[in-house]
Amino acid sequence: MKEHFHSVMSLEDYQRKRDFSKTPEPAAGHAAISAVRGGSFCVQRHDATHLHYDFRLEMGGTLKSWAVPKGPSLDPAVKHFAAQVEDHPIEYGDFEGNIPKGNYGGGSVMLWDRGTFQLIGPESGEAQLERGDLKFELHGEKLAGTWAIVRMKGRGKGGRAGKEWLLIKKKDAAAVTGWDIEQHAVSVKTGRTQAEIAADLPSKKKAASVKKKAAPRKKKVSA
Ligand code: MN
């Protein structure tokens with residue numbers, strides 16, 4: 001694996017200068033490598049046939065995706081159902097807009113949160129998914145702290161078998177008891193509400209930067 005190779009190579013000098021039978025310092029190994037494992041994540045608020053949230057983690061060059069009817073919750077007492085859906089391309093992580101009615105997923109899509117995640121534990125993300133228990137730490141604009149997504153055993157028949165999961169916030173400093181997702185229903189990308197996205201109104205964040213540009217400038221020094 002390319003990343004693994006780079007991590008080892010960059011620690012070559014560190015390794016060569018030390019005798020690990022004599023120093024308590026850690027040898028370069030899995031701890032150093034796992035500290036950088038992870039990728040991007042995003043959550044979209046999708047007002048399709050039913051309002052739901054789409055939770056996505058970058059893994060193996062795609063976004064592993066789950067549809068979460070009630071959305072993620074920072075409250076550790078709440079375990080929200082998450083239906084695994086098809087992988088999405090990495091580029092989807094920046095998408096916000098309207099899917100025309102009559103198309104698959106027709107309706108407005110808000111980029112509700114985005115950021116990065118780090119895997120917890122020595123296993124690869126793929127191995128944790130296969131085992132049905134993926135643990136990670138989120139660094140988003142709204143979501144943070146440690147989380148797990150756990151496959152429900154013996155649930156789902158036919159095509160749904162193995163695709164029913166629970167998204168769970170672990171207890172830590174980022175946890176918030178009684179947290180209400182509907183109090184945070186604004187785009188991280190454009191500052192728009194779902195109704196404003198559906199109506200194709202302009203980004204509120206762009207509007208802010210235009211105002212700055214319109215502010216009086218310093219006079220140019222004439223040539
Ligand atoms: Mn969706």
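## Strand S9 and its partners

Strand S4 (residues 79-88) pairs with S9 in the antiparallel sense, over five bridges. On another strand, S8 (residues 144-151), the pairing with S9 is again antiparallel and again runs over five bridges. Keep in mind while you look that this is a predicted model.

Trp165 is a handy place to get your bearings. Its bridge partner is Ala82, and Arg151 also stands opposite this Trp in S9.

## Two faces of one strand

What sits on the covered face of S9, and what on the uncovered one? S9 spans residues 164-169, and its covered face carries Trp165, Leu167 and Lys169. Glu164, Leu166 and Ile168 make up the uncovered face. That back-and-forth fits a general pattern: in a regular strand, side chains alternate between the two faces of the sheet.

## The nonpolar core

Leu167, from that covered face, turns up again in the largest nonpolar core. This core has 26 residues, and the ones touching the most other members are Phe55, Trp66, Ala82, Ile149 and Leu167. Seven strands give two or more residues each: S1 (38-47), S2 (51-59), S3 (62-68), S6 (107-119), S7 (133-140), S8 and S9. S6 supplies the largest share, with six residues. As a general matter, nonpolar side chains in soluble globular proteins tend to be buried together.

Which residues does Leu167 contact, once its neighbours within four places in sequence are set aside? They are Phe55, Trp66, Val68, Pro72, His80, Ala82 and Ile149.

## A loop leucine for contrast

Now hop over to Leu201, in the loop between helix H5 (194-198) and helix H6 (204-214). Is Leu201 buried or partly exposed? It counts as partly exposed, because just 13 other C-beta atoms lie within 10 Å, and being buried takes 20 or more. Ignoring neighbours within four places in sequence, Leu201 is in contact with Arg192 and Glu196.

## The whole chain, and where to be careful

Zooming out, the protein has six helices and nine strands. Of its 223 residues, 22% count as buried. If you take contacts between residues at least 6 apart in sequence, 52% of them join residues at least 24 apart.

The mean pLDDT is 83, and 75% of the residues reach 70 or more. Residues 1-11 stay under 50, and the model has seven contacts for them beyond four places in sequence. Residues 30-36 are also below 50, with nine contacts beyond near neighbours in sequence. Where pLDDT is low, the predicted coordinates should not be read in detail.

Notes. Residues are numbered from 1 along each chain as its sequence is written. This is a predicted model: local features need pLDDT of at least 70, side-chain atom pairs count only at pLDDT 80 or more; totals for chains, interfaces and linings use all residues. A residue is buried if 20 or more other C-beta atoms lie within 10 Å of its own, exposed if 12 or fewer, and partly exposed in between; C-beta atoms are placed from the backbone. Helices (H or I, at least four residues) and strands (E, at least two) are DSSP runs, numbered from the N terminus. Two strands pair if DSSP finds at least two bridges between them. Two residues are in contact if their C-beta atoms, placed from the backbone, lie within 7 Å. A nonpolar core is a set of buried Ala, Val, Leu, Ile, Met, Phe, Trp, Tyr and Cys residues joined through C-beta atoms within 7 Å. pLDDT is the predictor's confidence in each residue, from 0 to 100.
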